[in-house]
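Colleague: I would like to learn how to read a model of this kind, feature by feature. Could you take me through it slowly?

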Amino acid sequence: MEYRGYDSAGVAIINKGLHVYKKKGKVANLEESLVAKDMHAHAGMGHTRWATHGEPSDRNAHPHVSANGKLAMIHNGIIENYARLKQELINKGYTFKSDTDTEVLLNFVQDIQQNNHCGLEEALRIALKRVVGAYVLVLLDADNPDTIIAARKGSPLVIGVGKGEHFLASDASPIIEYTKEVVYVNDYELAIIKADELVLKNLGNEKLTPFIQKLDLQLAAIEKGGYDHFMLKEIFEQPDTIFDCLRGRLDVQASTITMAGVQNNIDKLKNADRIVMIACGTSWHAGLVAEYIFEELCRIPVEVEYASEFRYRNPVVRPGDVIIAISQSGETADTIVAIDKAKEQGAFIFGVVNVVGSSIARISHAGAYTHAGPEIGVASTKAFTAQLAVLTMIALKVAQEKGTIDQKRYNHLLNELHEIPEKATAVLRQSEHIKKIAAKYKDARDFLYLGRGYNFPVALEGALKLKEISYIHAEGYPAAEMKHGPIALVDEHLPVVFVATRDSYHDKIVSNIQEIKARKGKVLAVITEDDTTITGMADDTMVVPAADELVAPMLSVIPMQLLSYYVGILKELDVDKPRNLAKSVTVE
Ligand code: AGP
């Protein structure tokens, strides 16, 4: 779970009483501190934290222990009304060992248990009716050593059903080693778990029938497979993951695209008054590329919204609107609450998601999986190119159904898509060359990334990758926007990365490169293999095979990913778990 948050970690076990061990920093720190401890137990829980309330420290790490020392709790989420609950408890004489909302909720549960003389399950149910916020909670009770109680609202929870054992986790990756049988817990559900029993209930204390699903995930998929880092493995997996994404959907011979989620809702999609892409981070950049594609092919107006802004901006959403929600993890809280907002106003939600069975996949009306496999590296790479492949196929399908694309262009683009996996392999052959470029610029204080048209979002993505992985300040801009201000930053110390593959903007981008060269800026350019013009101008080039500008972003982003990876490596940074980040941001 460490990739989901790693500023501190802790475990609690029941072994002749409740024992809690926690440490600031990576799981390795905690492991070191437990070497001499007797860690044998039949029930236990662990947590890797991404701080929301209270700085990363031993005392704010989870699990937290109740004032009476009998209960332990781990929590993923945010309790928004914790301050009021805390004041109520302080008025009753409670004191707190940490700054967390979690410890407040735990003592609130203990207080209800004591005042109502009821069991933990009932106390939790009562408490949750007073709680505002998002949570997955898991509790251990020293008085009931063979039972674990869990509850979910907003944050993800999956339960693994084993033989005489059960496992709970935020996603299936730590469970597949032990069982492929899982239950995805829904909002407002409680789970009461014993080694050989799983009971699901709603907050109304009604029993629910667990829906057991079979995982189609291999252990190897979540291991490094001989690569130094998950990020590098996932960058090099892209020829296969893009192929997997196209497989069974794209048929160049038959000139067809088969996507059930699109076909079953084709009227809604092709008659959409407007398409609104909702996403965060790298997925938002995929939405921006898709804006260009959908408007060009489908002639449907598209808007690309930061999910967090859309949620609180009181946006105008009309019933005829189609929302395309893009997410690798399918658990990003900002995107989930934005979807809920749009659904309230009658919009149709189409999810483009990577993690099978994730919340966004389950709350969308329809959707398409990106089939990129588990993405462990915090910096999203293979999920981005798979998102572009899926969004391109959806747009082509809708355009064909709408009649806004002629057969010749349609067949041409199907063929272009079909060739991407092989061309991606060619791009990856430059990794050693790109490593040398990274060594040249790794000590730069700032970077600028520039592109036009389809390459503008790729420039934004390149800048995001460098920021995440190397902690170097980097900004992406439409190249023509430079002369309206940012060009003031340019001097001989500033590397400027141009995403300049051959396209309908090529002549324009050449003059933008001249503007930078005229001010002694260092130009690194991603170019198409036969581009002698820019080769002669740039200080360094990274080459991709020729491709239609509409699909080229799946190729031109790869040198960006490699550049950031190697700069991070050469700066000896933890590229798989960069500081302050989490793979799936499950809190707003
Ligand atoms: C990208 O490298 C980051 N990990 C982050 O920006 C990410 O794209 C964002 O948090 C959205 O995540 P999602 O695709 O899982 O919703």
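Modeller: What follows is a conversation about helix packing, backbone angles and burial.

Colleague: What should I know about the source before I begin?

Modeller: This is a predicted model, in which local features need pLDDT of at least 70 and side-chain atom pairs count only at pLDDT 80 or more, while totals for chains, interfaces and linings use all residues. Residues are numbered from 1 along each chain as its sequence is written, and side-chain values use heavy atoms, with hydrogens and water left out.

Colleague: How do α9 and α13 pack, and at what angle?

Modeller: Helices (H or I, at least four residues) and strands (E, at least two) are DSSP runs numbered from the N terminus. Axes are lines fitted to C-alpha atoms, for helices over the stretch in contact, and angles run from 0 to 180 degrees between N-to-C directions. Here helix α9 (residues 281–298) and helix α13 (residues 382–402) pack at about 20°, their axes being 9 Å apart. Angles under 35 degrees count as roughly parallel, over 145 as roughly antiparallel, 65 to 115 as roughly perpendicular and the rest as oblique. The two helices, α9 and α13, are therefore roughly parallel to each other.

Colleague: In which hand does α9 pass α13, and which residues of the two helices meet?

Modeller: A crossing is left-handed if the near helix is turned anticlockwise from the far one by less than a right angle, and right-handed if clockwise; α9 passes α13 in a right-handed crossing. Contact means heavy atoms within 4.5 Å, and the residues that meet include A286, V289, A290 and I293 in α9, with L388, L391, A395 and V398 among those in α13. By class, this contact of α9 with α13 has 15 nonpolar, 5 polar and 1 charged residues, where Ala, Val, Leu, Ile, Met, Phe, Trp, Tyr, Cys and Pro count as nonpolar, Asp, Glu, Lys and Arg as charged, and the others, Gly among them, as polar.

Colleague: Why might a helix present residues at regular intervals to a partner?

Modeller: An α-helix has 3.6 residues a turn, so residues three or four places apart point the same way.

Colleague: What does the span of α13 tell me, and how many of its residues are buried?

Modeller: The expected span of a helix is 1.5 Å times one less than its number of residues. For the 21 residues of α13 that gives 30 Å, which agrees with its end C-alpha atoms being 30 Å apart. Buried means under 20% relative accessible area, exposed over 50%, and partly exposed in between (1.4 Å probe, protein chains only). In α13, 18 of the 21 residues are buried, so this helix is largely enclosed by the rest of the structure. G403 follows α13 and has a positive phi, near 75°.

Colleague: How does helix α3 read by those two tests, span and burial?

Modeller: Helix α3 (residues 101–116) has 16 residues that should span 22 Å, and its end C-alpha atoms are 22 Å apart, which agrees. Of the 16 residues of α3, 13 are buried, so α3 is largely enclosed by the rest of the structure. H117 comes after α3, with a positive phi near 50°.

Colleague: How should I read a positive phi or a cis peptide bond?

Modeller: Most residues other than glycine have a negative phi, and most peptide bonds are trans. K16, which is not a glycine, has a positive phi of about 50°, and its place is in the loop between β1 (8–14) and β2 (18–24). S255 is not a glycine either and also has a positive phi of about 50°, in the loop between β15 (250–251) and β16 (256–257). A cis peptide bond, with omega about 5°, joins H62 and P63, and P63 lies in the loop between β3 (43–49) and β4 (64–65).

Colleague: Is K16 buried or exposed, and is S255 buried or exposed?

Modeller: K16 counts as exposed, at 77% relative accessibility, whereas S255, at 18%, counts as buried.

Colleague: Where does G462 lie, and what does it touch?

Modeller: G462 lies in helix α16 (residues 455–470) and counts as buried, at 0% relative accessibility. Not counting residues up to four places away in sequence, G462 touches Y449 and M560.
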